[in-house]
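Thanks for sharing this one. Here are a few notes to read alongside the coordinates.

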Amino acid sequence: MNPVSKRDYYEVLGVGKDAGDQDIKGAYRELAKKFHPDRNPDDPHAEEKFKEASEAYSVLSDAQKRAAYDRFGHAGLQGAAGGPAFNPEQFADFGDILGDFFGFGDLFGSGGGRRRSRVQRGEDVRYDLEITFEDAVFGMGAEIQVPRLQACDRCRATGSEPGSGPTTCPTCKGRGEVLYQQSFLSIRRTCSTCNGTGQIIRNPCVECRGQGYRQVQHKLKVNIPAGVDDGNRLRLSGEGQPGPQGGPPGDLYVFLKVKPHAFFERREHDLHCTVPINIAQAALGCEIEVPTLEQPHKLKIPEGTQNGAQFRLRGKGVAQLNGSSRGDLYVHMQVKMPTRLTREQRKLLEQLLETLPVDNRPAEKGLFDKVKDYFM
Ligand SMILES: [Zn+2]
Ligand SMILES: [Zn+2]
């Protein structure tokens, strides 16, 4: 935070430089009530105001900090022992503090420790699955094994040996949080002995060593729909890690990696491939067999086909994920010049040369864009 842009703490609380402790406390109380985030859920400025007031109060209510601030301003609080003048992490706890301190916890609907015990969802799990090009196009069912946690059968996820329940945490007396006193504020922290659960395990389950869970290889079947592409992910709801303390499980995300194909290239739902023909086939026209992902397809090449010409086979591409229509297959012609001619072939080409018109003027710009497309 830039100290220059900070407002004067007395100004923030609306009190004079000579204000007594009671005035400061009273002023902060009013501001805290007014701008409390729980009371202004839709107003981000309220939270800012609340933080600003809390920061001002934390300084002016502390005799040492107030003296430093009176003498040197905001600069007097920088780099003091113990780091920043105000620990922003405390804000997280203020909802609780105010609730207890001012005795209007119910008014704010954040009664003390209750907000800590809200149900937690299990973690999401990622699984990477590599599939073939064809499987992505046509869809498939896959059996996968996902390592994840499973509730321990022996202790039913409690972590305690059967017959011996958990016992109340001695540190927090079962509250799940510990109260710290700081000037007139009391600050709650999650109890580190029991991680906020309020209970500790006295007699850990021998099967899971008190964890309540064990690592298993979870087998499940994944239905991969036709038309998926590299980088797609499938969400399997509820197949992630189990939720702690009986919370709902997380989700499983299957990330798909599609292996490239030897000669088909995929662009969205269309496929592209390149097929070589020789100059005689290109000049005279011919019928060739081109591969598709299903049956080979007979394709008529008209006479005078140029290098780079493309032919479209409708519906031979990839299925749309959401419907029944399919993309197309584009066959690109690559006219190959013959090399290592026999004497006879050479003679034939020489005869051809004598009869063909020769025109070696530079080609007009844009010629290649005008290459004719043939559509089936
Ligand atoms: Zn167990
Ligand atoms: Zn505890």
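1. Let me begin with the zinc ion (ligand 1): along the sequence, its donor residues follow the spacing C-x2-C-x49-C-x2-C. Two of them tie together distant parts of the chain, 53 residues apart: C155 sits in the loop between strand 2 (140-151) and strand 3 (167-168), and C208 in the loop between strand 6 (199-200) and strand 7 (213-224). Please keep in mind that this is a predicted model.

2. The coordination of the zinc ion (ligand 1) comes from the SG atoms of C152, C155, C205 and C208, at 2.2 to 2.3 Å. Its 4 donor atoms make angles of 103 to 116°, and the site is tetrahedral. For reference, the ideal angle for four tetrahedral donors is 109.5 degrees. C155 and C208 are both buried.

3. Now to the zinc ion (ligand 2). Its protein donors are the SG atoms of C169, C172, C191 and C194, which lie 2.2 to 2.3 Å from the ion. The spacing here reads C-x2-C-x18-C-x2-C. This site is tetrahedral as well, with angles of 104 to 117° among the 4 donor atoms. Both C169 and C172 are buried.

4. Away from the metals, you may like to look at a nonpolar patch on the surface, formed by L341, L349, L352 and L356. Together these residues have about 300 Å² of accessible area.

5. Within that patch, L356 belongs to the loop between helix 9 (343-355) and strand 16 (374-375). Why is L356 called partly exposed? Its relative accessibility is 46%, so L356 falls between the cut-offs of 20% for buried and 50% for exposed.

Conventions: Residues are numbered from 1 along each chain as its sequence is written. Chains are lettered from A and ligands numbered from 1 in the order in which they are written. This is a predicted model: local features need pLDDT of at least 70, side-chain atom pairs count only at pLDDT 80 or more; totals for chains, interfaces and linings use all residues. Side-chain values use heavy atoms; hydrogens and water are left out. Patches are made of residues with over 30% relative accessible area and no salt bridge: like charges are joined within 9 Å, nonpolar side chains (Val, Leu, Ile, Met, Phe, Trp, Tyr) within 5 Å. Accessible areas come from the Shrake-Rupley method with a 1.4 Å probe; for residues, only the protein chains shown count as cover. A salt bridge is a side-chain nitrogen of Lys or Arg within 4 Å of a carboxyl oxygen of Asp or Glu. Helices (H or I, at least four residues) and strands (E, at least two) are DSSP runs, numbered from the N terminus. Buried means under 20% relative accessible area, exposed over 50%, partly exposed in between (1.4 Å probe, protein chains only). Donors are N, O and S atoms within 2.8 Å of the metal (3.2 Å for Na, K and Ca); water is not among the atoms, so sites may look incomplete. Four donors count as tetrahedral if all angles lie between 85 and 135 degrees; four count as square planar and six as octahedral if opposite donors are over 155 degrees apart and all others between 65 and 115; anything else is irregular.
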